[in-house]
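Q: Could you walk me through this one? I'd like to go from the chains as wholes down to single residues.

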Amino acid sequence: MTISNSNSPIARREALQDRLEQLTRMVEIRAVEERIQKLFAEGHVRGSTHLANGQEAVSVGIARSIDPDDIVTCTYRGHGHALALGVTPAAVLGEICGRVIGCAGGLGGSMHLVEPSVGLLPTAAIIGAGLPIACGAAMAARARGNDRIAVSIFGDGSANIGAFHESLNFAAIRKLPVVFVCENNLYGEYTRIQLSTPVEDIAVRAGSYNMPSDIVDGQDSDKVAEAMAKAVARARRGEGPTLVEMKTYRYSGHSRSDPATYRPAGELDAWLKRDPIDILANRLVGENVLAEGGLDKLKADVRDAVEAATAEVLESPGPALDEIMSHVGAYSAGGDQRWNFWSK
Amino acid sequence: MAKIWIRQAVLRALDDAMKDDPTVIMMGEDIAAAGGPFKVTEGLLAAHGPDRVIDTPISEMAFMGAAVGAAVCGMKPVVEMMFIEFIGVALDQLTTQAATMRYLSRGQLTAPLVVRASAGAGQGFGCQHSQMLDHWFRGTPGLKVAVTSNARTTYGLLRSAIEDPDPVVILEPRILYAEREEYEFDSSYRIPLGKAEIVRAGTDATIVTCGSMVRVALAAAESSKANIEVIDLLTLWPWDRKTVAESVGRTGRLVTLEEAPAGSGWGGDVVSHIAVEKFGSLKAPPHRITLPDAPVPYNGTLEARFLPSPAYVAEQVEALVSTNKSPAPWWRTAA
C-alpha cells in the first residue's frame, strides 16, 4: 500500500521519491480530473475548470525534483500540479466543489489552488501572472540567504504575453534561482500554437535572454525529472535561471465548454499511444516495481480512493456566509495565520 | 525648524524604513545608481547596497510581480513607479494578484508591499504623465490607497504604508517634490492609514480633499468670505467616514475638491455616503469640484484652467454657501 491516502501534503510530497508512488500519483491525477468532469455533469462544480489529463508526467516529474519549501507558481490548469506537489485529492476536489474542505476553504475555486506547506502559491487565473511572482520569490530566497528556488509553471499560451519576456529578462539580468517550465501542449486555449507563435519550440526564446534551455519529452516523467534536476541544481548553485520546455498534450479541450473540435483528426490518438501513465508503468514493470498487469489493479485502487475523497467532499459543507468578509485585509475577520516560508 | 524639500521627506522615510527593517527592499527604474529622476532615492544605493536598492529594467510587470513574490516570501518591497501611468502595464500584479493573495490563501499568504508613484498634473508633462489614477486602485478589495500632501504627511504615510500588513499604493503629487517647507523629522512619526485630518476648522462648509489640492483648499479658505473647514482625507481607501461625517454634521455643507475627472473621482463615494448618513443635517446639496472629463492638456494656460485654482474653489464654495444650490462647473457638461 502506498501512502497516497495520507492527509499530509508534505508526506505525500516526500512519498514521491518512491517509484511506485510516482506512478500512483499520475494515476491519481488522471482519476481526479476524470472525477471533476463527472462532478461537473452532476452539478457540483460552478464556473469553469481546466483539465490537464495527458500532462501528468510533467506534474509528477517536477514535484519529485524540488523540495517542499521551494516555491511554485502555476496557472489555472493546475489541478495536476497541486496534487503532485502534495495537495490531497479531497482538498483539490473540495475547492473545485466550493466546500470548506477545499484548500482555499471553497472561496477560490478550480483556478485558485494553494498550499503553502508545499510551496504552492495560489494558482493564477491570469496568463503569465506567475512568472514575475516566481522571480520575486527567488529574490526573497537569495535575500534571506538560503538556497531555495522558485519554479514557475505555465503553458505555451503564456509565451506570447509580456510577463514571460519581462520575467525571463529580469531573472537573467539578476541571475535569479528560477526554473521556468513551459508546458507546451500545442494549444493556447482554443488556438493551435502555429497560429499564435512563429517558433515551434518555445525554448529557443531563452537565447534572447542569454539563458540555457532544454526541450523535454513531457510524456516521460523520468525525462522531466532529469531535466528539472539539472535546472534546479543550476539555480541552487546561483548560476541563474533555465527555461525548460515540456512537450506534452492535453487530452481535453481548454475548459469544460470546449469540445476541442479544432484538433486535426488522429492527433489525439497519436498522443494517446504515448500515454505518460503507460510509459512509466511499463518501465516500472521492467524495474520489478510493478507486477505485470499491475496497472489495472492500481487504477482501480486509486479510483476507489478518489471516490472516497469525493464522498468526503460532498459531505463537507460550503463555507459559512460570514466568510465573504474574511481575509480581505489584515483588518478583516479570520485573523492572520501567515505562513513563514523558510522560518525553520 | 529646518526647511526641507518635500522630496527629502520621501527619501528620509525610505532611508529610515530601510535602517529599521532589513527586509525592506526597493525596486524601480533609475532609482539606484541615478538616485531617481526626481531625486527621491538619492544616496540609498550607497547606504543600503545593490541587493536592497535595485535598478530594474523598464519592465513594470516584472518588477511589480517580483515585489508580490518577494512580499509573500518575507520581504517588504517598496516599488517605485516613476509616473503612476506606468503601472498600467503591470496592473494585474497589483489589483489581481497582490490584492487577492490573502483572500485566496485564507490568511496564510500576504503581499505587504508598497507601490509609490509620482502623480498628478500642473507641470506640463502632458496627458500621459499627469493623472492621479487613484480610481484604478480605490475600491479594490485588499488594497489601500493614500495621497501625500506635504512633508509631514509624506513621511508619516510612507512609514505607515511600509509597516502595513497589506499592499498599499502611495501617490505622491509630483508638483510638491520641489516645494520647500519647515519640517523637523521624527523617526517615530506615523500617520495611521484610514485616518483623515481636519487641517482647518470652519463653520459654513466642509471641503474634503487630498494631495496637492489641500493647499488649494487652504488658500481658498483663507481668501474666502465663507468660514471653511478643510479635511485632508489622506487615505482614499479605506477612507475616514467618521471624521468627514462629523464635520459635515457641524457645517451642514459638503464640498469635495478632487484632482480627478468628474466621472471617476473619489468624491462620488464620499457624497453618496454623506448624503445617506447626514441627510437631515445638510443645508445644501453635496457639491463636487473636480476636473472635467477630459485628458490633462499640455499648454500651460489650459492646464492652469483645467486644475481647480484657489480663486475658483472660493467662488464655488461661496456660491454654495450663499444660495444653498450647487453651482455649475466652469466647463460645459454633456447634456
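Q: How much surface does chain B expose, and what share do carbon and sulfur atoms supply?
A: In this predicted model, chain B exposes about 11900 Å², and carbon and sulfur atoms supply 55% of that area.

Q: And what are the figures for chain A?
A: Chain A exposes about 13100 Å², of which 53% comes from carbon and sulfur atoms.

Q: How many residues of chain B count as buried, as a percentage?
A: Of its 335 residues, 61% count as buried; for chain A, with 344 residues, the figure is 60%.

Q: What is chain B built from, and what does its radius of gyration say?
A: Chain B has 10 helices and 14 strands, and its C-alpha trace spans about 60 × 45 × 40 Å along the principal axes. Its radius of gyration is 20 Å, which agrees with the value near 20 Å that a compact globule of 335 residues would have.

Q: Same for chain A, please: which elements, and what radius of gyration?
A: Chain A has 12 helices and seven strands. Its radius of gyration of 19 Å is close to the 20 Å that the globule rule gives for 344 residues, so chain A is as compact as a globular protein of that length. Taken along the principal axes, the C-alpha atoms of chain A fill a box of roughly 55 × 50 × 40 Å.

Q: What about contacts between residues at least 6 apart in sequence: what percentage join residues at least 24 apart?
A: In chain B, 78% of such contacts join residues at least 24 apart, and in chain A the corresponding value is 74%.

Q: Now the two chains together. At what angle do α7 of chain A and α3 of chain B pack?
A: Helix α7 of chain A (residues 162-173) and helix α3 of chain B (residues 60-72) pack at an angle of about 75°, with their axes 8 Å apart. Because angles from 65 to 115 degrees count as roughly perpendicular, that is the description that applies to α7(A) relative to α3(B).

Q: Which residues meet there?
A: From α7(A) come A:Gly162, A:Ala163, A:Glu166, A:Ser167 and A:Phe170, and they meet B:Glu60, B:Met61, B:Ala62, B:Phe63 and B:Ala66 of α3(B). By class, that contact has six nonpolar, two polar and two charged residues.

Q: Switching to the inside of chain B, which residues of α8 are buried, and what covers them?
A: In helix α8 of chain B (residues 267-277), B:Gly267, B:Val270, B:Val271, B:His273 and B:Ile274 are buried. Their cover includes α7 (241-251), β13 (254-261) and β14 (287-291) of chain B.

Q: Any backbone oddities to check; where is the cis peptide bond?
A: A cis peptide bond, with omega about -5°, joins B:Trp237 and B:Pro238, and B:Pro238 lies in the loop between β12 (235-237) and α7 of chain B. Most peptide bonds are trans, and most residues other than glycine have a negative phi.

Q: On phi, then: what value does B:Lys39 have, and is B:Leu133 buried or exposed?
A: B:Lys39 has a positive phi of about 60° although it is not a glycine, and B:Lys39 sits in the loop between β2 (24-28) and α2 (44-48) of chain B. At 36% relative accessibility, B:Lys39 counts as partly exposed. B:Leu133 has a positive phi too, near 60°, and lies in the loop between β5 (114-119) and β6 (144-147) of chain B. With 5% relative accessibility, B:Leu133 counts as buried.

Terms used: Residues are numbered from 1 along each chain as its sequence is written. Chains are lettered from A and ligands numbered from 1 in the order in which they are written. This is a predicted model: local features need pLDDT of at least 70, side-chain atom pairs count only at pLDDT 80 or more; totals for chains, interfaces and linings use all residues. Side-chain values use heavy atoms; hydrogens and water are left out. Axes are lines fitted to C-alpha atoms, for helices over the stretch in contact, and angles run from 0 to 180 degrees between N-to-C directions. Helices (H or I, at least four residues) and strands (E, at least two) are DSSP runs, numbered from the N terminus. Angles under 35 degrees count as roughly parallel, over 145 as roughly antiparallel, 65 to 115 as roughly perpendicular and the rest as oblique. Contact means heavy atoms within 4.5 Å. Ala, Val, Leu, Ile, Met, Phe, Trp, Tyr, Cys and Pro count as nonpolar, Asp, Glu, Lys and Arg as charged, and the others, Gly among them, as polar. The radius of gyration is taken over C-alpha atoms; the globule rule is 2.2 Å times the number of residues to the power 0.38. Buried means under 20% relative accessible area, exposed over 50%, partly exposed in between (1.4 Å probe, protein chains only). Accessible areas come from the Shrake-Rupley method with a 1.4 Å probe; for residues, only the protein chains shown count as cover.
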